[in-house]
Amino acid sequence: MTRFWVGGYGVDMEGPADGIGALAVDEGHGPTTLAYRGAVAPAPSPSWLAQHPTLDVVYAALEGSGEVAAFARTGENALRPLGRPVAAGQYVCHLAVAPDGRFLVASCYGDGRVVRIGLGADGGLLPGARDKAAELRAALFGDRDAEEREGADASEERADPMAAADPHAADPNRLDPNGDPRVSHAHAAAFLPDGRIATTDLGYDLVRIWRASASGLTLDHEVVLPRGSGPRHMVVHPSGHLHVVTEYSCELFTLAADREGRWGLVSGVPVSAIVTPGHDYPAELSRSRDGETLYAGVRGSNTIAALRVRGSGERVEPLALADAGVDWPRHHLVHDGALLVAGQRSDEISVLDLDDRTGAPGRVRHRTPAPAPTHLLLAR
(Lines give C-alpha, C1' and ligand atoms only; values in the text may rest on other atoms or scores of the structure.)
Protein backbone atom coordinates (compact mmCIF):
# COMPACT_ATOMS: atom_id res chain seq x y z
CA MET A 1 0.00 0.00 0.00
CA THR A 2 1.41 3.41 -1.02
CA ARG A 3 1.18 6.09 1.65
CA PHE A 4 1.63 9.84 1.78
CA TRP A 5 2.06 12.20 4.71
CA VAL A 6 -0.13 15.32 4.58
CA GLY A 7 0.74 18.69 6.07
CA GLY A 8 -2.00 21.19 6.84
CA TYR A 9 -3.12 24.31 8.66
CA GLY A 10 -4.46 24.01 12.21
CA VAL A 11 -6.30 26.44 14.44
CA ASP A 12 -3.26 28.71 14.90
CA MET A 13 -3.35 29.31 11.14
CA GLU A 14 -7.16 29.37 10.91
CA GLY A 15 -7.46 25.81 9.61
CA PRO A 16 -9.05 22.52 10.78
CA ALA A 17 -6.03 20.18 10.60
CA ASP A 18 -5.04 18.37 13.82
CA GLY A 19 -1.50 17.53 12.74
CA ILE A 20 0.33 15.45 10.14
CA GLY A 21 -2.21 13.31 8.31
CA ALA A 22 -1.92 10.12 6.27
CA LEU A 23 -3.16 9.21 2.79
CA ALA A 24 -3.25 5.66 1.50
CA VAL A 25 -3.57 4.13 -1.97
CA ASP A 26 -4.53 0.47 -2.37
CA GLU A 27 -1.73 -1.45 -4.09
CA GLY A 28 -2.44 -2.17 -7.74
CA HIS A 29 -5.47 0.12 -7.92
CA GLY A 30 -3.76 3.45 -8.48
CA PRO A 31 -4.68 6.88 -7.10
CA THR A 32 -8.45 6.31 -7.62
CA THR A 33 -8.47 4.60 -4.21
CA LEU A 34 -6.70 7.49 -2.48
CA ALA A 35 -8.23 8.01 0.98
CA TYR A 36 -7.38 10.28 3.90
CA ARG A 37 -6.83 8.24 7.07
CA GLY A 38 -6.78 11.11 9.59
CA ALA A 39 -4.07 12.70 11.71
CA VAL A 40 -1.27 10.38 12.81
CA ALA A 41 0.96 12.91 14.61
CA PRO A 42 -0.57 15.86 16.50
CA ALA A 43 1.23 19.08 15.62
CA PRO A 44 0.24 22.76 15.24
CA SER A 45 0.05 23.66 11.52
CA PRO A 46 2.71 21.38 9.97
CA SER A 47 2.48 23.27 6.68
CA TRP A 48 5.60 21.79 5.03
CA LEU A 49 7.11 18.31 5.41
CA ALA A 50 10.52 16.92 4.46
CA GLN A 51 12.05 13.46 4.56
CA HIS A 52 15.50 12.51 5.89
CA PRO A 53 17.54 11.08 2.97
CA THR A 54 18.33 7.74 4.65
CA LEU A 55 16.34 7.50 7.89
CA ASP A 56 12.61 7.07 8.44
CA VAL A 57 12.36 10.55 9.94
CA VAL A 58 9.98 13.31 8.82
CA TYR A 59 10.48 17.01 9.55
CA ALA A 60 7.64 19.51 9.82
CA ALA A 61 7.64 23.29 9.55
CA LEU A 62 5.22 24.41 12.28
CA GLU A 63 4.34 27.64 10.56
CA GLY A 64 2.19 29.30 13.21
CA SER A 65 4.62 28.74 16.09
CA GLY A 66 7.74 29.37 14.00
CA GLU A 67 9.34 26.03 14.91
CA VAL A 68 10.69 22.91 13.22
CA ALA A 69 9.82 19.47 14.58
CA ALA A 70 11.12 15.96 13.85
CA PHE A 71 9.08 12.76 13.86
CA ALA A 72 10.23 9.13 13.66
CA ARG A 73 8.04 6.57 11.94
CA THR A 74 6.97 3.77 14.29
CA GLY A 75 4.41 1.94 12.15
CA GLU A 76 2.51 1.90 8.87
CA ASN A 77 0.58 5.05 9.83
CA ALA A 78 2.35 6.15 12.99
CA LEU A 79 4.79 8.95 13.74
CA ARG A 80 6.19 9.90 17.15
CA PRO A 81 7.97 13.12 18.13
CA LEU A 82 11.76 12.83 17.98
CA GLY A 83 12.91 15.33 20.57
CA ARG A 84 11.55 18.81 21.12
CA PRO A 85 10.79 21.35 18.35
CA VAL A 86 13.50 23.91 17.57
CA ALA A 87 12.75 27.60 17.03
CA ALA A 88 13.38 28.75 13.45
CA GLY A 89 11.69 32.06 12.62
CA GLN A 90 8.38 33.79 12.00
CA TYR A 91 6.08 31.77 9.72
CA VAL A 92 8.63 29.11 8.80
CA CYS A 93 7.17 27.74 5.57
CA HIS A 94 9.72 25.46 3.87
CA LEU A 95 12.32 22.85 4.78
CA ALA A 96 15.07 21.27 2.67
CA VAL A 97 17.27 18.49 4.05
CA ALA A 98 20.92 18.18 2.99
CA PRO A 99 21.64 15.11 0.82
CA ASP A 100 24.10 13.84 3.45
CA GLY A 101 21.52 14.25 6.23
CA ARG A 102 23.74 16.46 8.40
CA PHE A 103 21.49 19.52 8.50
CA LEU A 104 18.35 21.10 7.11
CA VAL A 105 17.59 24.59 5.88
CA ALA A 106 14.43 26.33 7.05
CA SER A 107 12.99 29.31 5.15
CA CYS A 108 10.92 31.79 7.15
CA TYR A 109 8.35 33.86 5.30
CA GLY A 110 7.54 36.23 8.15
CA ASP A 111 10.98 37.61 8.98
CA GLY A 112 13.01 36.58 5.93
CA ARG A 113 15.41 34.37 7.85
CA VAL A 114 17.25 31.41 6.32
CA VAL A 115 18.12 29.05 9.18
CA ARG A 116 20.50 26.08 9.18
CA ILE A 117 19.61 23.43 11.81
CA GLY A 118 21.97 20.54 12.55
CA LEU A 119 20.76 16.92 12.57
CA GLY A 120 22.02 14.10 14.78
CA ALA A 121 22.91 10.52 13.86
CA ASP A 122 19.33 9.46 14.65
CA GLY A 123 17.90 12.27 12.51
CA GLY A 124 16.88 14.37 15.49
CA LEU A 125 17.22 18.14 15.59
CA LEU A 126 20.36 19.18 17.46
CA PRO A 127 19.62 21.72 20.22
CA GLY A 128 21.73 24.82 19.80
CA ALA A 129 22.78 23.83 16.27
CA ARG A 130 20.79 26.58 14.62
CA ASP A 131 23.02 28.66 12.38
CA LYS A 132 22.50 32.13 13.81
CA ALA A 133 25.17 33.67 11.59
CA ALA A 134 23.32 32.55 8.47
CA GLU A 135 19.92 33.72 9.68
CA LEU A 136 21.35 37.10 10.69
CA ARG A 137 23.11 37.58 7.36
CA ALA A 138 19.96 36.58 5.46
CA ALA A 139 17.96 39.07 7.49
CA LEU A 140 20.41 41.92 7.09
CA PHE A 141 20.72 41.40 3.36
CA GLY A 142 17.01 42.14 3.22
CA ASP A 143 17.35 45.73 4.41
CA ARG A 144 18.27 47.29 1.07
CA ASP A 145 16.77 47.35 -2.39
CA ALA A 146 17.82 44.52 -4.71
CA GLU A 147 19.41 46.96 -7.13
CA GLU A 148 21.76 48.14 -4.38
CA ARG A 149 22.67 44.60 -3.33
CA GLU A 150 23.75 43.23 -6.69
CA GLY A 151 27.38 42.19 -6.37
CA ALA A 152 27.42 42.65 -2.58
CA ASP A 153 30.49 41.30 -0.78
CA ALA A 154 29.40 38.25 1.21
CA SER A 155 32.33 38.68 3.63
CA GLU A 156 31.42 42.24 4.57
CA GLU A 157 30.57 42.73 8.26
CA ARG A 158 27.17 44.29 8.83
CA ALA A 159 26.48 46.90 11.47
CA ASP A 160 24.40 46.42 14.64
CA PRO A 161 23.68 42.71 15.15
CA MET A 162 20.59 43.69 17.14
CA ALA A 163 19.03 44.61 13.79
CA ALA A 164 17.96 40.97 13.50
CA ALA A 165 15.25 41.72 16.06
CA ASP A 166 13.54 43.92 13.50
CA PRO A 167 15.55 43.57 10.28
CA HIS A 168 12.83 44.37 7.80
CA ALA A 169 11.39 47.72 8.83
CA ALA A 170 9.71 48.71 5.58
CA ASP A 171 9.88 51.98 3.73
CA PRO A 172 6.18 52.85 3.14
CA ASN A 173 7.11 54.26 -0.27
CA ARG A 174 8.35 50.85 -1.39
CA LEU A 175 5.42 48.52 -1.99
CA ASP A 176 5.09 45.02 -3.36
CA PRO A 177 2.62 44.18 -6.18
CA ASN A 178 -0.15 43.73 -3.59
CA GLY A 179 0.35 47.26 -2.28
CA ASP A 180 1.94 46.05 0.96
CA PRO A 181 5.29 47.33 2.29
CA ARG A 182 8.16 45.55 0.52
CA VAL A 183 9.96 43.32 3.04
CA SER A 184 12.06 40.16 2.95
CA HIS A 185 10.17 36.84 2.64
CA ALA A 186 12.39 33.75 2.47
CA HIS A 187 10.27 31.03 0.87
CA ALA A 188 12.24 27.96 -0.25
CA ALA A 189 15.64 26.30 -0.45
CA ALA A 190 17.16 23.84 -2.93
CA PHE A 191 20.46 21.96 -2.85
CA LEU A 192 22.44 22.50 -6.05
CA PRO A 193 24.56 19.87 -7.85
CA ASP A 194 27.84 21.43 -6.65
CA GLY A 195 26.78 21.35 -2.98
CA ARG A 196 25.78 24.98 -2.69
CA ILE A 197 22.28 26.01 -1.63
CA ALA A 198 19.82 28.30 -3.41
CA THR A 199 17.11 30.15 -1.48
CA THR A 200 14.35 32.44 -2.70
CA ASP A 201 13.39 35.80 -1.23
CA LEU A 202 9.89 36.49 -2.50
CA GLY A 203 9.79 39.98 -1.02
CA TYR A 204 13.04 41.25 -2.50
CA ASP A 205 12.95 39.32 -5.81
CA LEU A 206 16.19 37.47 -5.13
CA VAL A 207 17.66 34.02 -5.43
CA ARG A 208 20.52 33.74 -2.95
CA ILE A 209 23.36 31.25 -3.38
CA TRP A 210 24.97 29.97 -0.16
CA ARG A 211 28.01 27.84 0.68
CA ALA A 212 27.75 25.35 3.55
CA SER A 213 30.65 24.62 5.90
CA ALA A 214 31.18 23.13 9.33
CA SER A 215 30.60 26.58 10.82
CA GLY A 216 27.34 27.28 8.97
CA LEU A 217 26.16 29.03 5.81
CA THR A 218 28.02 31.81 4.02
CA LEU A 219 26.38 33.94 1.36
CA ASP A 220 28.20 33.47 -1.97
CA HIS A 221 26.23 35.80 -4.24
CA GLU A 222 22.71 36.80 -5.28
CA VAL A 223 20.71 36.67 -8.50
CA VAL A 224 18.37 39.63 -8.96
CA LEU A 225 15.07 38.84 -10.68
CA PRO A 226 12.72 41.48 -12.16
CA ARG A 227 11.24 43.86 -9.61
CA GLY A 228 7.86 42.64 -8.34
CA SER A 229 8.19 39.08 -9.67
CA GLY A 230 8.15 37.35 -6.29
CA PRO A 231 10.27 34.16 -6.63
CA ARG A 232 8.62 31.41 -4.56
CA HIS A 233 9.57 27.78 -5.24
CA MET A 234 12.26 26.00 -7.27
CA VAL A 235 13.19 22.70 -8.86
CA VAL A 236 16.63 21.57 -10.01
CA HIS A 237 16.57 20.15 -13.53
CA PRO A 238 18.64 17.00 -14.31
CA SER A 239 20.85 19.22 -16.50
CA GLY A 240 21.74 21.35 -13.48
CA HIS A 241 19.57 24.33 -14.44
CA LEU A 242 17.41 25.86 -11.72
CA HIS A 243 13.76 26.61 -12.51
CA VAL A 244 12.03 29.22 -10.33
CA VAL A 245 8.30 30.00 -10.30
CA THR A 246 7.19 33.50 -9.28
CA GLU A 247 4.11 34.20 -7.18
CA TYR A 248 3.45 37.80 -8.25
CA SER A 249 4.32 37.94 -11.95
CA CYS A 250 3.19 34.35 -12.75
CA GLU A 251 6.43 33.52 -14.56
CA LEU A 252 8.92 30.69 -14.80
CA PHE A 253 12.57 31.78 -14.74
CA THR A 254 15.52 29.52 -15.58
CA LEU A 255 18.91 30.10 -13.95
CA ALA A 256 22.30 28.57 -14.78
CA ALA A 257 25.85 28.79 -13.46
CA ASP A 258 28.72 30.08 -15.61
CA ARG A 259 32.21 28.59 -15.73
CA GLU A 260 33.20 30.48 -12.59
CA GLY A 261 30.18 29.09 -10.74
CA ARG A 262 28.24 32.35 -10.64
CA TRP A 263 24.53 31.90 -11.24
CA GLY A 264 22.53 34.14 -13.54
CA LEU A 265 19.21 34.45 -15.34
CA VAL A 266 18.99 32.52 -18.64
CA SER A 267 15.35 32.82 -19.68
CA GLY A 268 11.84 33.57 -18.48
CA VAL A 269 8.31 32.82 -19.71
CA PRO A 270 4.75 33.18 -18.36
CA VAL A 271 3.56 29.95 -16.75
CA SER A 272 0.59 30.20 -19.12
CA ALA A 273 -0.83 32.72 -21.59
CA ILE A 274 -4.10 32.67 -19.65
CA VAL A 275 -3.04 33.28 -16.03
CA THR A 276 -3.31 36.87 -14.79
CA PRO A 277 -0.91 38.56 -12.32
CA GLY A 278 -2.88 40.12 -9.50
CA HIS A 279 -5.56 37.46 -9.76
CA ASP A 280 -3.43 34.33 -10.00
CA TYR A 281 -0.67 33.30 -7.59
CA PRO A 282 1.52 30.33 -8.54
CA ALA A 283 2.53 28.20 -5.56
CA GLU A 284 4.31 24.87 -5.95
CA LEU A 285 6.61 23.88 -8.83
CA SER A 286 7.40 20.22 -9.57
CA ARG A 287 8.81 18.23 -12.48
CA SER A 288 8.44 14.87 -14.15
CA ARG A 289 11.10 12.27 -13.38
CA ASP A 290 12.91 12.91 -16.68
CA GLY A 291 12.68 16.69 -16.26
CA GLU A 292 10.92 17.20 -19.59
CA THR A 293 7.76 18.62 -18.02
CA LEU A 294 7.26 21.17 -15.23
CA TYR A 295 4.03 21.65 -13.30
CA ALA A 296 3.00 24.88 -11.54
CA GLY A 297 -0.06 25.07 -9.30
CA VAL A 298 -1.89 28.35 -9.82
CA ARG A 299 -4.06 29.68 -6.99
CA GLY A 300 -6.84 32.04 -8.05
CA SER A 301 -7.84 30.39 -11.31
CA ASN A 302 -7.24 27.07 -9.49
CA THR A 303 -5.39 25.47 -12.36
CA ILE A 304 -2.30 23.39 -13.04
CA ALA A 305 0.02 24.85 -15.68
CA ALA A 306 2.30 22.42 -17.50
CA LEU A 307 5.45 23.64 -19.25
CA ARG A 308 7.79 21.82 -21.63
CA VAL A 309 11.56 22.01 -21.04
CA ARG A 310 13.56 22.36 -24.25
CA GLY A 311 17.22 22.16 -25.25
CA SER A 312 19.49 21.09 -22.41
CA GLY A 313 17.17 22.61 -19.80
CA GLU A 314 17.73 26.28 -20.61
CA ARG A 315 14.45 26.92 -22.45
CA VAL A 316 10.89 26.45 -21.20
CA GLU A 317 7.59 26.98 -23.00
CA PRO A 318 3.95 26.67 -21.89
CA LEU A 319 2.38 23.31 -22.74
CA ALA A 320 -1.12 23.03 -21.23
CA LEU A 321 -3.46 24.35 -18.55
CA ALA A 322 -5.92 22.16 -16.64
CA ASP A 323 -8.49 22.52 -13.87
CA ALA A 324 -6.87 21.58 -10.55
CA GLY A 325 -10.15 20.17 -9.22
CA VAL A 326 -9.67 21.98 -5.89
CA ASP A 327 -9.79 25.48 -4.45
CA TRP A 328 -6.38 27.13 -3.84
CA PRO A 329 -3.93 24.45 -5.06
CA ARG A 330 -1.22 25.00 -2.49
CA HIS A 331 0.92 21.96 -3.32
CA HIS A 332 1.09 19.00 -5.70
CA LEU A 333 3.29 16.06 -6.59
CA VAL A 334 3.73 13.65 -9.49
CA HIS A 335 3.11 9.98 -8.67
CA ASP A 336 2.39 6.87 -10.71
CA GLY A 337 1.24 8.65 -13.87
CA ALA A 338 -0.95 11.10 -11.98
CA LEU A 339 -0.77 14.46 -10.24
CA LEU A 340 -1.96 14.74 -6.62
CA VAL A 341 -3.10 18.28 -5.76
CA ALA A 342 -3.67 19.68 -2.25
CA GLY A 343 -6.56 22.15 -2.17
CA GLN A 344 -6.04 24.28 0.93
CA ARG A 345 -9.37 26.12 0.85
CA SER A 346 -11.62 23.31 -0.37
CA ASP A 347 -10.32 20.81 2.23
CA GLU A 348 -9.65 18.11 -0.32
CA ILE A 349 -7.01 16.45 -2.45
CA SER A 350 -7.60 15.77 -6.14
CA VAL A 351 -5.96 13.33 -8.54
CA LEU A 352 -5.40 14.42 -12.16
CA ASP A 353 -4.52 12.19 -15.09
CA LEU A 354 -1.21 12.87 -16.85
CA ASP A 355 -0.97 12.13 -20.56
CA ASP A 356 1.46 9.25 -21.12
CA ARG A 357 2.92 10.84 -24.25
CA THR A 358 3.00 14.57 -23.54
CA GLY A 359 2.85 14.73 -19.74
CA ALA A 360 0.00 17.25 -19.94
CA PRO A 361 -2.51 17.19 -17.04
CA GLY A 362 -6.03 16.10 -17.94
CA ARG A 363 -9.29 15.27 -16.21
CA VAL A 364 -9.84 15.04 -12.47
CA ARG A 365 -9.89 11.33 -11.77
CA HIS A 366 -10.61 11.32 -8.03
CA ARG A 367 -11.07 13.50 -4.94
CA THR A 368 -10.75 12.78 -1.23
CA PRO A 369 -11.52 15.05 1.75
CA ALA A 370 -8.56 16.31 3.82
CA PRO A 371 -8.39 19.22 6.31
CA ALA A 372 -6.68 22.35 4.84
CA PRO A 373 -3.94 20.38 3.07
CA THR A 374 -0.81 22.41 2.34
CA HIS A 375 1.79 19.73 1.53
CA LEU A 376 2.03 16.14 0.29
CA LEU A 377 5.03 13.89 0.93
CA LEU A 378 5.46 10.34 -0.31
CA ALA A 379 6.13 8.13 2.72
CA ARG A 380 9.32 6.08 2.67
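**Strands and rings, asked and answered**

Biologist: Welcome to this structure! Which residue in S15 is the bridge partner of Ala198?

Modeller: In this predicted model, Ala198 has Ile209 of S15 as its bridge partner.

Biologist: How do you know that S14 and S15 pair?

Modeller: Pairing needs at least two bridges. Strand S14 (residues 197-201) and strand S15 (residues 206-213) have five bridges and run antiparallel, so they count as a pair. Four residues separate the two strands of this hairpin, and Asp205 in the turn has a positive phi of about 55°.

Biologist: What joins S15 to S16?

Modeller: A hairpin does, through two residues. S15 also pairs with strand S16 (residues 216-224) in the antiparallel sense, over eight bridges. Within that pairing, Ala212 has Leu217 of S16 as its bridge partner.

Biologist: Let's turn to the open sheet. What makes S3 and S29 stand at the edges?

Modeller: The sheet has four strands in the order S3-S2-S1-S29, with antiparallel pairing. Strand S3 (35-42) and strand S29 (373-378) each have a single partner strand, so one side of each lacks a neighbour in the sheet. From one strand to the next, the twist averages 30°. For S3, the partner is strand S2 (residues 19-25), joined to S3 by five bridges; Ile20 has Ala41 as its bridge partner in S3.

Biologist: Now the rings. How many aromatic pairs are there?

Modeller: The count comes to two. One of them is Phe103 with Phe191, at 5.8 Å centre to centre and 55° between the planes.

Biologist: Why is the pair of Phe103 and Phe191 called tilted?

Modeller: Planes under 30 degrees apart would be stacked and over 60 edge-to-face; an angle of 55° falls under neither heading, so the pair is tilted. Phe103 lies in strand S10 (residues 103-108) and Phe191 in strand S13 (residues 186-191), so the pair ties together parts 88 residues apart in sequence. Both Phe103 and Phe191 are buried.

Biologist: And what are the values for Tyr281 and Trp328?

Modeller: Their rings form a tilted pair, 6.5 Å centre to centre with 45° between the planes. Tyr281 is in strand S21 (residues 281-287) and Trp328 is in the loop between S24 and S25, 47 residues apart.

Biologist: Why does Tyr281 count as buried?

Modeller: The cut-off is under 20%, and Tyr281 has 17% relative accessibility, so Tyr281 counts as buried. Trp328, at 14%, counts as buried too.

Biologist: How do you know that Arg345 lies over the face of Trp328?

Modeller: Its distance from the ring centre is 3.7 Å, and the limit is 6 Å, together with an angle limit. Arg116 likewise lies over the face of Phe103, at 4.3 Å from the ring centre.

Notes
Residues numbered from 1 in each chain as written. Predicted model: local features only at pLDDT ≥ 70, side-chain atom pairs only at ≥ 80, totals over all residues. Heavy atoms only, no water. Axes fitted to C-alpha atoms, helices over the stretch in contact; angles between N-to-C directions. Phe/Tyr/Trp six-rings, centres within 6.5 Å; stacked < 30°, edge-to-face > 60°. Buried < 20%, exposed > 50% of the residue type's maximum accessible area, 1.4 Å probe, protein only. Lys NZ or Arg CZ within 6 Å of the ring centre and 35° of its normal.
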